[in-house]
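Biologist: Could you take me through this one, starting with the terms you rely on?

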Amino acid sequence: MLSDQNAIDFVVEQSLWSPEAIVSNGAMVVPVSQRNANFMIFDRCGTGLFLKQGTGQDSTGLGSVPYEASVYRAFSEPWFSLSGQIPPFRGYDAQNSILILELVPDSADLRRAAESSDPLEAAAEQVGATLATLHECHPGEGSVFETHQSLFVLELDAPPIELLQILSSAQLNLIRTLQTEPQLLAGLETLRKDWQTGRLIHGDVRLANLLVKTQQAEGESSSPAQVTLIDFEHCGFGDCRWDVGSVFGGLLCSWVLSAPIDGRQDPGNFLDIAKFPLSGVQAASRLFWRGYRRNRFSDSPRLVDCVQFAGVRI
């Protein structure tokens with residue numbers, strides 16, 4: 001299993017870095033806490049690698065590291081137009097289930113930006129453009145991409161028995177509440193019946209999976225923000241409205257979660273004193289939608305449908 005003690009040995013064994021380069025430029029290993037064993041390795045120049053190892057119990061389908069590696073390998077083919085919008089693929093060690101990507105330098109994810117009360121408007125339009133570019137990709141027959149026949153969250157009103165056995169008490173209470181709301185149940189059923197599988201989607205868009213460049217080179221101040229989309233474990237054919245709605249939902253959640261709940265404030269004022277203001281959410285949402293629509297050339301979804309999926313994501 002990868003650790004911060006053996007990660008450098010691994011990249012040397014894979015001929016990804018030479019011992020000479022490590023001695024010359026140094027190397028630092030930083031664990032990244034996630035479901036998988038993730039590590040960033042970088043030198044004092046800022047270049048580096050991102051290693052992602054499965055738990056050893058991974059399948060090879062949607063949601064697994066082996067599947068994600070096959071997605072990145074497919075995206076590295078020249079007919080995909082995602083260069084510069086996803087991390088470059090450096091390889092996959094199938095024996096140890098380790099995905100190897102280039103580290104995206106000088107970048108931060110949009111969730112942290114929102115938590116720091118940084119304005120997201122500068123990146124929002126490019127986020128829309130990046131997502132639209134993915135949705136406009138048309139893999140040929142026999143591609144590695146699997147199909148999302150539905151979403152787990154759309155089945156929450158009647159979850160399978162095996163799922164009920166592993167849910168927390170809070171999650172079970174949420175399901176009980178949901179089952180007493182006829183309008184919510186009807187809305188879920190409508191989205192479930194209308195689910196489409198005609199577009200290549202990311203499948204798990206969240207602000208933490210959107211990186212924006214934090215430092216611009218001289219002369220780049222007026223150029224669009226550079227956005228990188230990461231974490232493609234759930235990339236496959238599905239409903240593009242889910243991806244778009246997930247961005248809207250992520251922005252709204254950032255507003256709600258930024259309210260300082262400290263026991264001293266009147267709960268009625270929480271949203272008014274949120275560190276990430278509603279006006280910022282609205283501005284970023286408008287720019288995101290504009291960037292998305294400008295870069296969709298066929299079958300662009302309706303805004304009202306995307307907003308319904310935003311509600312599901314929240």
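Modeller: Helices (H or I, at least four residues) and strands (E, at least two) are DSSP runs, numbered from the N terminus. This is a predicted model, where local features need pLDDT of at least 70 and side-chain atom pairs count only at pLDDT 80 or more, while totals for chains, interfaces and linings use all residues. Residues are numbered from 1 along each chain as its sequence is written, and side-chain values use heavy atoms, with hydrogens and water left out.

Biologist: Where is Glu 68 placed?

Modeller: Glu 68 sits in helix α3, which spans residues 65-75 and packs on a sheet, touching β3 (48-53), β4 and β5 (98-102); contact here means heavy atoms within 4.5 Å.

Biologist: Is Glu 68 buried or exposed?

Modeller: Glu 68 is buried, at a relative accessible area of 1%, where buried means under 20%, exposed over 50% and partly exposed in between (1.4 Å probe, protein chains only).

Biologist: What is Glu 68 in contact with, beyond its neighbours within four places in sequence?

Modeller: Its contacts outside that window are Lys 52, Leu 99, Asp 231, Phe 232 and Glu 233. For Phe 232, the backbone nitrogen lies 2.9 Å from a polar atom of the Glu 68 side chain.

Biologist: Switching to the sheet, in what order do the strands run?

Modeller: The open sheet has five strands in the order β1-β2-β3-β5-β4, with antiparallel pairing, and two strands pair if DSSP finds at least two bridges between them. The edge strands, each pairing on one side only, are β1 (28-33) and β4 (89-93).

Biologist: How many bridges join β1 and β2?

Modeller: Six bridges link β1 to β2 (residues 37-42) in the antiparallel sense, and Pro 31 has Phe 39 in β2 as its bridge partner.

Key
Axes fitted to C-alpha atoms, helices over the stretch in contact; angles between N-to-C directions. Polar contact = N/O pair within 3.5 Å; in protein donor to acceptor, adjacent residues only side chain to side chain.
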